[in-house]
Amino acid sequence: MKLEKIIIFYPSFERGGVELILANLINFFLKKKVCICLISSNFNKKIIKKNRLFTLKEHKDQNINFINNRITNSLYGVNTLLKELKSSNPKKTIVFSMQSSSLSIILCKILNFKIVVRNAEDPIYSTFYKENKLLSLFVLALKIVTYNFADGIITNSKGSKQSLERLLFRKTNIDYIYNPYLKKINKRNFLKRKKYILSVGRLTKQKDFNNLILSFNIIAKNIPDYKLIIVGGGNLKTKLKDLGKKLNLEDKIIFTGWKKKVSKYYKHASIFILPSLYEGLGNVVIDAVNYEIPTIITNCKSGPNEIIMNNKGGYIVPKSNPEILASKIIYVLKNYTKAKNKILYAKKNIYRFEYQKNSLKYLNFIKNVFYGK
């Protein structure tokens, strides 16, 4: 019995940090001479280096009225996975599910394939804040049942691992591995900081940019020469822009949309803010630390506080409290040297998110599950 192929199940392709993580993992696995079959939709082929060991089984995004797009992609993806498993040898193949894992677990158990799943968000707190409460509760219940049958589970933070352990009977097959995200650790950044506050992320309920804009409204009245730059796209873009207009902040809030390269914003920002309601790890915080930007995060579960070493490497404020967030931003600007020292402390420990180190941990975990170690 020898592991020859890893089937990566990621039926609904999404932009952002997870795109880089997926690319890093696949390219690393290919370097280790492991055959990879990726099942996904609308996949960006440019992020994978050409390799004869890589195959893509792609389905287009499927839109059905009244049904969540991600659900339909999951169903079509499972159908593709079924076809791939039928043509694969369970003694030489393992499935690594990065999305819609409950369905893939059920299928693998029926067909006698081993499966490792990646849980990217805190399962408890993400359920509380999802837009569709009924659907999120159903998904959580499905996870509680099916994840006990997974052969291995990887979470991306200690906090997410602890939350998942509270839900499952079978706990011995769970481990956390930080995201294989960071390609290089930047040299010291001595560039001049500009008068803008930076935040990066999808414009969705989870990221709670509404809270940040309300906070910035307070900032603008106290420190009028600062601007707010929000990098990212999403379904709440129009609502967030309308809120800015309502507060007469159109000239002070800049929505850049999606950007492939965001380094120019990180290099010169005075402060970085993560206003999220919940997170898996928070790759944008890793970037902020790497560019030495004094950082403020909300006390969201689970990973961002691990990146900034709790209060040792940055500042933590309550969720959805614009008054306290504004107060902390003003404090950081008035105590900038102290804030800079905090972020430099966090940067000393940023090697934990290096992509080769953590990609190897992923591969070793998957191999150990396959060989029953």
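This passage describes salt bridges, aromatic pairs, surface patches and some backbone features of a predicted model.

The structure holds nine salt bridges. In one of them Glu84 is paired with Lys57, and the closest N and O atoms lie 2.5 Å apart. This pair connects distant parts of the chain, since Glu84 belongs to helix α2 and Lys57 to strand β3 (residues 54-58), with the two positions 27 residues apart in sequence numbering. The two partners fall into separate classes of accessibility: Glu84 has a relative accessible area of 7% and is therefore buried, whereas Lys57, with 33%, is partly exposed. A second salt bridge is formed by the side chains of Glu279 and Lys207, at 2.7 Å from N to O. Here Glu279 is placed in the loop between β11 (271-274) and α10 (283-290), and Lys207 in the loop between β8 (196-200) and α7 (209-222), so the bridge ties together parts that are 72 residues apart in sequence. Glu279 is buried, its relative accessible area being 6%, and Lys207 is likewise buried, with a value of 11%.

A further salt bridge brings together the side chains of Glu292 and Lys347, again described by an N to O distance of 2.7 Å. This pair, too, links distant parts of the chain, as Glu292 lies in the loop between α10 and β12 and Lys347 in helix α13, 55 residues apart. Glu292 has a relative accessibility of 0% and counts as buried, and Lys347, at 11%, is also assigned to the buried class. Through salt bridges that share partners, Lys5, Lys57 and Glu84 are joined into one network.

Helix α13 (residues 336-347) also contains Lys340. With a relative accessible area of 16%, Lys340 is buried, because the cut-off for that class is under 20%. The C-alpha atoms of Lys340 and Ile271 are 9.8 Å apart in space, although the two residues are separated by 69 residues in sequence.

The aromatic residues were examined next. A pair of aromatic rings is described by the distance of the centres and the angle of the planes. The count comes to ten aromatic pairs. In the pair of Tyr125 and Phe128, the ring centres are 5.9 Å apart and the planes stand at 80 degrees, so the arrangement is edge-to-face, a class that requires an angle over 60 degrees. Both residues lie in helix α4 (residues 123-129), and because they are three residues apart there, about one helical turn separates them. Tyr125 is partly exposed at 25% relative accessibility, and Phe128 is partly exposed at 49%. The rings of Phe370 and Tyr371 also form an edge-to-face pair, with centres 5.0 Å apart and planes at 85 degrees. Within this pair, Phe370 is buried at 1% relative accessibility, while Tyr371 is partly exposed at 32%. In addition, Tyr10, Phe13 and Phe43 make up one aromatic cluster.

Two kinds of surface patch can be described. Lys2, Lys31, Lys32, Lys49, Lys183, Lys367 and Lys373 form a positive patch on the surface. One of these residues, Lys367, is located in helix α14 (residues 355-371) and, with 31% relative accessibility, counts as partly exposed. A nonpolar surface patch is formed by Ile71, Leu75 and Leu103, which together have about 230 Å² of accessible area. Of this patch, Ile71 is part of helix α2 (residues 69-86) and is partly exposed, with a relative accessible area of 33%.

Several backbone features lie in loops. The peptide bond that joins Lys301 and Ser302 is cis, with omega at about 10 degrees, and Ser302 is found in the loop between β12 (295-298) and α11 (304-307). Lys33, which is not a glycine, has a positive phi of about 65 degrees; its place is the loop between α1 (17-31) and β2 (35-40), and at 67% relative accessibility Lys33 counts as exposed. Ser100 is not a glycine either, yet has a positive phi of about 50 degrees, and lies in the loop between β4 (93-97) and α3 (101-111).

Methods: Residues numbered from 1 in each chain as written. Predicted model: local features only at pLDDT ≥ 70, side-chain atom pairs only at ≥ 80, totals over all residues. Heavy atoms only, no water. Patch = residues over 30% accessible without salt bridge, like charges linked within 9 Å, V, L, I, M, F, W, Y side chains within 5 Å. Areas by Shrake-Rupley, 256 points an atom, 1.4 Å probe, with all protein chains shown as cover. Salt bridge = Lys/Arg side-chain N within 4 Å of Asp/Glu carboxyl O. Lys, Arg positive; Asp, Glu negative; His and termini not counted. Charge placed at Lys NZ, Arg CZ, Asp CG, Glu CD. Helix = DSSP H or I, 4+ residues; strand = E, 2+ residues; numbered from the N terminus. Buried < 20%, exposed > 50% of the residue type's maximum accessible area, 1.4 Å probe, protein only. Phe/Tyr/Trp six-rings, centres within 6.5 Å; stacked < 30°, edge-to-face > 60°.
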